[in-house]
Amino acid sequence: MRALSVRLGAAAVAAGVVMAGAAVPSPASGFERDRGYAALIRRASYGVPHITAGNFAGLGFGVGYVQAEDNICVIAEDVVTVSGERSRWFGAAGPDDANVRSDLFHRKAIDERVVERLLEGPRDGVRSPSDDVRDQMRGFVAGYNHFLRRTGVQNITDPACRGKAWVRPLTVTDVWRTSWASMVRAGSRALLDGIVTATPPAAAGSATAAGPATATGSEAPDAAAVVAALDGASAGIGSNAYGLGARATTSGNGMVLANPHFPWQGSERFYRMHLKVPGRYDVEGAALIGDPIIEIGHNRTVAWSHTVSTARRFVWHRLALVPGDPTSYYVDGRPEKMRARTVTVQAGAAGAVSRTLYDTRYGPVVVVPGSFDWTAATAYAITDVNAGNNRAFDGWLRMGQAKDVRQLKAVLDRHQFLPWVNVIAADARGEALYGDHSVVPRVTGALAAACIPAAFQPLYAGSGQAVLDGSRSDCALGRDPDAAVPGILGPANLPVRFRDDYVTNSNDSHWLANPAAPLEGYPRIIGNERTERSLRTRLGIDQIQQRLAGTDGLPGKRFTTERLWQTTFGNRVHGAELVRDDLVALCRKEPVATASNGATVDLTAACEALARFDLRVNLDSRGAHLFSEFALAGGIRFADTFDVSDPVRTPRRLNTQDPRVRTALADAVQRLAGIPLDARLGDIHTDTRGDRRIPIHGGRGEAGVFNVITNPLVPGVGYPKVVHGSSFVMAVELGRHGPSGRQILTYSQSTNPNSPWYADQTSLYSRKGWDTIKYTEAQIAADPHLRTYVVAQRGH
């Protein structure tokens with residue numbers, strides 16, 4: 001591409017958007033001096049933008065503009081959420097409505113100036129965001145607002161927000177608030193309801209004994225209920241990823257498979273783009289809508305992906321309350337008053353809703369009914385270690401500038417920014433990296449032993465949920481000497497593995513990133529070790545091992561990007577591979593079973609549908625939905641036990657003596673009433689776009705499917721709408737001549753039904769098709785649908 005030094009003419013600047021023929025001004029131009037913005041946009045096939053600018057402000061401007069072109073309603077609604085205005089604009093059924101609860105949570109953060117305080121301090125990318133990132137953020141806001149100003153709210157083509165009063169220009173603070181909300185997704189936002197409904201008991205019911213109550217505790221919490229309540233908030237996200245080293249690829253180059261499983265609607269959709277500031281940043285991949293930087297992707301020599309980590313993002317503190325005063329608690333024998341803040345939100349027709357929320361030195365008071373209750377003697381507060389995480393965009397920016405996985409790890413060490421994900425990476429030298437290098441509370445083995453009361457030790461051992469003694473100041477989280485900030489585990493306490501063959505993760509813990517070299521001895525709060533893995537994790541490893549052995553039915557051994565794509569969308573159902581034959585034999589032997597509701601169910605048709613099932617979730621697979629419903633009903637129960645010396649292959653035999661197996665099959669048959677048990681998957685498993693129903697392959701992780709697709713059953717109809725699953729999929733090789741490979745955004749680039757990019761990649765996904773990696777100038781120029789324009793704005 002020509003040097004980016006040609007100035008735009010005055011007419012072009014006035015218009016704000018011009019087609020190709022003028023290049024982007026250099027950073028030394030008048031645009032930078034007067035805080036103006038300019039970016040070159042090259043839209044390739046499927047609407048994917050390749051954005052080039054002379055500086056990071058211009059780059060952000062281009063990103064904000066194109067994301068508004070494609071997804072303005074998603075961004076605008078997300079800003080309504082973080083502004084605490086959902087109930088004002090979208091209604092509320094009452095003071096306990098979900099919109100009201102969301103508004104109270106976000107309004108509290110606004111009243112406390114959380115974002116503003118996070119932006120204070122040295123601009124080093126750790127203690128506060130760097131100038132590069134701040135430039136990108138202000139550029140993003142300017143680009144979004146430029147599109148909105150040129151288009152007008154009344155002329156937005158997406159009916160979801162056309163003419164709506166809640167669509168307004170953004171501020172930089174708005175975008176920082178959406179970032180903060182993403183950081184605390186697995187922490188305080190997951191406990192939103194417990195924060196905004198936490199109410200002290202009446203003082204009249206308080207204890208009257210003098211002196212501090214004990215904080216060692218004797219009550220045993222309902223561990224299953226706690227874990228279900230907390231983990232439920234993370235539903236809808238997950239992922240697979242492979243990092244392949246020199247010994248796993250035919251070329252000896254590194255490869256990465258990115259396969260995040262994220263929602264197909266809303267602000268957690270990914271957006272494909274390629275961003276470039278010549279000489280400083282050049283990365284292709286995807287980001288969540290509303291974010292200005294690539295979060296999963298590759299540069300010329302290194303690629304990476306993320307999977308949701310098992311590590312916990314917050315700790316509990318059990319508070320011993322002052323007798324007669326349930327809003328005061330003891331620390332080291334001295335009473336300390338909670339901070340009370342009354343938060344008010346406007347709930348539309350319901351009027352103003354006010355609620356008093358409570359904070360402690362550790363963080364907000366939280367109630368989980370039946371498990372963490374606020375009584376006269378005891379309350380619970382949390383420390384969310386991501387609540388102060390303003391390092392993420394700097395971290396991803398610097399990841400994109402790394403030249404190999406060793407440099408990438410140095411970025412992770414310095415910034416410690418990944419809020420709730422692992423990293424899986426590989427480089428052009430053929431080295432692969434796995435790390436749960438996420439933000440994890442500093443609960444070491446010593447701290448857990450000394451500060452978790454006996455009644456809560458089983459909860460910690462089983463789930464990693466740490467409940468610390470809040471009556472002792474020495475039970476605070478403290479600081480590791482190598483940690484980026486206080487309160488989190490430093491890099492020396494986090495699991496990391498470099499390999500020249502492979503690393504992988506499918507949302508189990510760090511332990512089996514590579515079975516040949518298990519990662520062991522790390523704090524329990526990060527994840528469990530030497531325990532049974534999910535069927536999806538086992539399949540992910542099995543697919544690699546079979547490919548390297550040449551026993552997967554594909555030609556040759558080792559991976560090419562073609563073989564990597566075929567493996568990902570091979571659509572095996574590992575649970576069925578293990579138990580289907582035994583299930584069919586049991587079903588044929590005893591073809592009548594009792595369902596959970598007591599009804600007698602004839603299983604004859606189910607037996608035959610399962611017998612003909614091809615053990616895949618391809619469009620032509622028949623009976624796949626029946627097995628999925630069986631798995632969801634809890635039917636995969638094993639007779640053998642997990643063997644730590646054979647973790648990928650065990651357990652593997654169906655427990656045909658367990659009556660719950662037959663009950664689950666009967667329940668599945670009942671749920672599928674009105675739907676043929678041997679239906680072709682593509683006829684009932686779809687995504688609806690307008691009046692079209694696009695057939696969708698893939699299936700449930702509970703059944704042991706790698707290519708996860710979740711679309712709820714509509715009784716008598718099928719599965720008409722995907723809510724979650726494979727989203728941005730990338731198989732990239734880092735070769736001598738630059739990156740190459742395949743990629744797709746399964747739900748397409750735009751949420752606007754009037755966009756040409758609303759369903760095109762979804763149809764492509766249905767056919768197991770792909771778009772090619774387009775990173776080099778030659779790759780971009782070869783795209784037959786390339787459309788080029790410049791967006792620009794003078795200073796203000």
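The protein chain has 796 residues, and for that number a compact globule would have a radius of gyration near 28 Å, so the 27 Å found for the protein chain agrees with the rule. The radius is taken over C-alpha atoms, and the rule multiplies 2.2 Å by the number of residues to the power 0.38. This is a predicted model, in which local features need pLDDT of at least 70 and side-chain atom pairs count only at pLDDT 80 or more, while totals for chains, interfaces and linings use all residues. Residues are numbered from 1 along each chain as its sequence is written, and side-chain values use heavy atoms, with hydrogens and water left out.

Along its principal axes, the C-alpha trace spans about 75 × 70 × 55 Å. The secondary structure comes to 23 helices and 30 strands, where helices (H or I, at least four residues) and strands (E, at least two) are DSSP runs numbered from the N terminus. Buried residues make up 62% of the 796 residues; buried means under 20% relative accessible area, exposed means over 50%, and partly exposed lies in between, with a 1.4 Å probe and protein chains only. Among the contacts with a separation of 6 or more, 68% are between residues 24 or more positions apart, a contact being heavy atoms within 4.5 Å.

The protein chain exposes about 27800 Å², of which carbon and sulfur atoms supply 51%. Accessible areas come from the Shrake-Rupley method with a 1.4 Å probe, and for residues only the protein chains shown count as cover. The mean positions of the 88 positive and 78 negative charges are 4 Å apart. Lys and Arg count as positive and Asp and Glu as negative, without His and the chain ends, and each charge is placed at NZ of Lys, CZ of Arg, CG of Asp or CD of Glu.

Helix α19 is mostly covered, since eight of its nine residues are buried, including Leu-626, Phe-627 and Phe-630. What covers these buried residues includes α17 (574-589), α18 (604-612), α20 and α21 (681-684). Just after α19, Gly-634 takes a positive phi of about 85 degrees. Further along, the loop between α19 (624-632) and α20 (659-671) holds Pro-651, and the peptide bond from Thr-650 to Pro-651 is cis, with omega near -10 degrees.

Strands β11 (residues 325-331) and β12 (residues 334-337) pair in the antiparallel sense over four bridges, where two strands pair if DSSP finds at least two bridges between them. Tyr-329 has Glu-336 in β12 as its bridge partner. The hairpin of β11 and β12 has two residues between the strands, and here Asp-332 takes a positive phi near 55 degrees.

Two residues in other loops also have a positive phi although neither is a glycine.

| Residue | Phi | Loop | Relative accessibility |
|---|---|---|---|
| Asn-507 | about 80 degrees | between β20 (502-505) and α15 (535-549) | 17%, buried |
| Ser-748 | about 80 degrees | between β28 (738-745) and α22 (760-766) | 0%, buried |

A contrasting case of accessibility is Pro-481, which counts as exposed at 86% relative accessibility. Pro-481 lies in the loop between β18 (467-469) and β19 (496-499). From Pro-481 to Pro-491 there are ten residues in sequence, and the two are 9.7 Å apart in space, C-alpha to C-alpha.
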